[in-house]
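Reader: I keep meeting labels such as "oblique" and "antiparallel". Can we go through how they are earned?

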Amino acid sequence: MDEGWTRTIALEDLKAKGRHVFRQDGRQIAIFDTEKGVFACNNRCPHEGYPLREGTLDGDCKLTCNWHNWKFDLATGENQRDGDRLRVYPVEVRDGEVWIEIVDPPVEERKAKTMADLETAFRDHDYERIARELARLVQVGADPTEAVAAAIHWSHDRFEFGWSHAYAGVADWLRLYDERAHEPENRLICLLEAIGHMADDTLREEVYPYAQGSDPWDEEAFVAAVEAEDEEKAIALTRGALAAGNAFATMERGLTRGALAHYNDFGHALIYVPHAGSLITRLGEGVAEPVLLSLVRGLASAFREDLIPEFRGYADALAAFGTKPNGAAPPAGEFLKLNANKAVAFTAEHGTAPASDLFRSLLAANATNMLTFDLGHLGDLDQPYGSDFGWLDLTHGLTFSNAVRNQCGRYPDLWPAGLLQMACFSGRNIGHGDAGVDLEDWKVTDQDAFFAQVEETLLDHHQDEYIVSVHLLKTALAVRDLVRSQEAGEAGDIAMAALNRLLHSPIRTKMVRRTARQAMRFVATDV
């Protein structure tokens with residue numbers, strides 16, 4: 001017997017039955033007698049595993065899986081629906097016996113094919129196929145996080161306005177992945193959610209090319225380019241930093257300054273900066289270019305909320321920060337009485353207080369706003385157009401606070417901007433509280449057990465929308481970081497309680513009737 005070739009069934013018996021399933025070492029191989037000869041393939045449909053022995057075979061050797069109508073060329077394994085190919089096996093008839101060659105291709109060949117198939121699944125956001133291809137990478141012994149790096153390259157130029165929640169989610173999913181070293185199923189979940197979100201956010205998006213050209217890195221020129229919304233210049237400077245190597249370390253201060261120059265994008269700009277560093281550290285310098293180009297595009301195109309009336313006091317407060325001799329941080333309750341403009345002015349008046357004390361007071365205020373959220377607002381139907389409010393709005397107060405802790409801790413001269421923007425969050429989120437919510441009802445008594453349960457919830461979150469699951473993920477890890485850093489103090493207890501209540505409450509993001517009502521009201525006045 002030739003190596004790899006296996007006797008399966010007598011040809012006479014096969015012709016009598018028409019089809020046969022041969023089993024070996026866990027494999028199931030379907031063998032078919034057709035007018036064009038004998039063919040063999042994997043018995044399990046690559047779609048959902050139904051037995052192809054029960055499929056329909058036509059005269060052209062097209063095999064149909066009758067469960068979902070997937071069709072395959074039995075001679076080549078080609079899938080007529082552009083999905084997973086069917087594995088077929090070489091067949092020879094020797095002395096009236098059917099022999100099949102069962103030899104797996106070399107590992108590198110299998111890995112390359114799997115990565116190509118994964119990209120196809122990625123472009124279609126075929127969630128289940130993405131899962132299968134990731135499982136195949138693990139099966140061949142490849143490092144499946146290489147697929148995450150590849151997905152960043154596949155997607156980074158399809159974000160018209162730069163970074164989205166997807167990339168921030170990737171960084172956090174990879175954290176959970178690394179913490180679950182001996183849990184293959186949970187590790188697969190982390191990678192599946194990370195890649196699935198990137199695929200969904202770029203589904204059917206065209207390529208938005210980045211400017212070419214390179215200028216030597218200059219932090220002041222970069223911050224000025226971001227301020228001027230000059231993406232081309234900012235990208236050229238970024239390419240200069242990339243060419244010099246270790247680009248994130250070179251750019252981090254400038255990126256942080258650009259993110260904090262305004263109350264940008266509901267805090268997303270600053271939240272994304274440390275996540276970018278985390279991605280590059282975890283996946284290597286090979287992702288530095290796509291990660292940083294996309295991040296810089298996001299900074300250059302960020303909308304500046306401090307230019308609208310609700311937050312217009314920010315610039316004056318930044319200029320006045322620490323000019324009055326109020327050396328003690330006010331308690332969190334004082335912030336809970338103030339709208340955004342008053343909150344930033346009040347924070348500036350206490351700017352001579354230790355930054356760490358102001359941070360804890362503002363964190364406690366933002367955590368309290370989230371903890372006491374009145375769930376009745378989830379049913380509001382008559383909010384003005386564009387002023388809807390829900391759980392996800394409140395989570396940003398905590399994720400932004402953690403970003404301030406990270407970045408302003410590294411660059412202490414930026415504390416005034418970070419603290420004032422925490423005050424913007426505090427002020428924007430007042431007026432949505434429920435006085436009946438009691439901290440004691442949601443207080444966490446065992447941190448380790450709580451976060452262990454939170455992580456299990458994240459790994460089987462049951463959320464249909466990535467925007468919801470990624471907010472749960474980012475908020476949970478931000479609260480965990482805040483508490484474990486010991487910098488939150490008692491505010492950490494409130495933050496944990498707020499997260500606890502969030503995870504036990506309904507989350508609504510699609511408000512059908514409210515959307516229709518707001519649209520009708522808006523159009524009626526649009527004359």
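Author: This is a predicted model, and we will take a helix pair and then some strands.

Reader: Why are α3 and α6 called oblique to each other?

Author: Start with the angle. Helix α3 (residues 127-139) and helix α6 (residues 184-201) pack at about 135°. Angles over 145 degrees count as roughly antiparallel, and 65 to 115 as roughly perpendicular. The value of about 135° fits neither range, so the pair is oblique. The axes of α3 and α6 lie 10 Å apart, and their crossing is right-handed.

Reader: What makes α3 and α6 a contact?

Author: Contact means heavy atoms within 4.5 Å. Residues of α3, including Tyr-127, Ile-130 and Leu-134, meet residues of α6, among them Leu-188, Glu-193 and Gly-196. The residues of this contact divide into ten nonpolar, one polar and one charged.

Reader: Which residues are the polar and the charged one?

Author: Glu counts as charged and Gly as polar. Therefore Glu-193 is the charged one and Gly-196 the polar one.

Reader: How do you know that β2 and β3 pair?

Author: Two strands pair if there are at least two bridges between them. Strand β2 (residues 19-24) and strand β3 (residues 27-34) have six bridges, so they pair, in the antiparallel sense. Gln-24 stands opposite Arg-27. Two residues lie between the strands in this hairpin, where Asp-25 takes a positive phi near 50°.

Reader: What about β3 and β4?

Author: β3 and strand β4 (residues 37-42) also pair in the antiparallel sense, over six bridges. Ile-29 stands opposite Asn-42 in β4. β3 and β4 form a hairpin with two residues between them.

Notes:
Residues are numbered from 1 along each chain as its sequence is written. This is a predicted model: local features need pLDDT of at least 70, side-chain atom pairs count only at pLDDT 80 or more; totals for chains, interfaces and linings use all residues. Side-chain values use heavy atoms; hydrogens and water are left out. Axes are lines fitted to C-alpha atoms, for helices over the stretch in contact, and angles run from 0 to 180 degrees between N-to-C directions. Helices (H or I, at least four residues) and strands (E, at least two) are DSSP runs, numbered from the N terminus. Angles under 35 degrees count as roughly parallel, over 145 as roughly antiparallel, 65 to 115 as roughly perpendicular and the rest as oblique. A crossing is left-handed if the near helix is turned anticlockwise from the far one by less than a right angle, and right-handed if clockwise.
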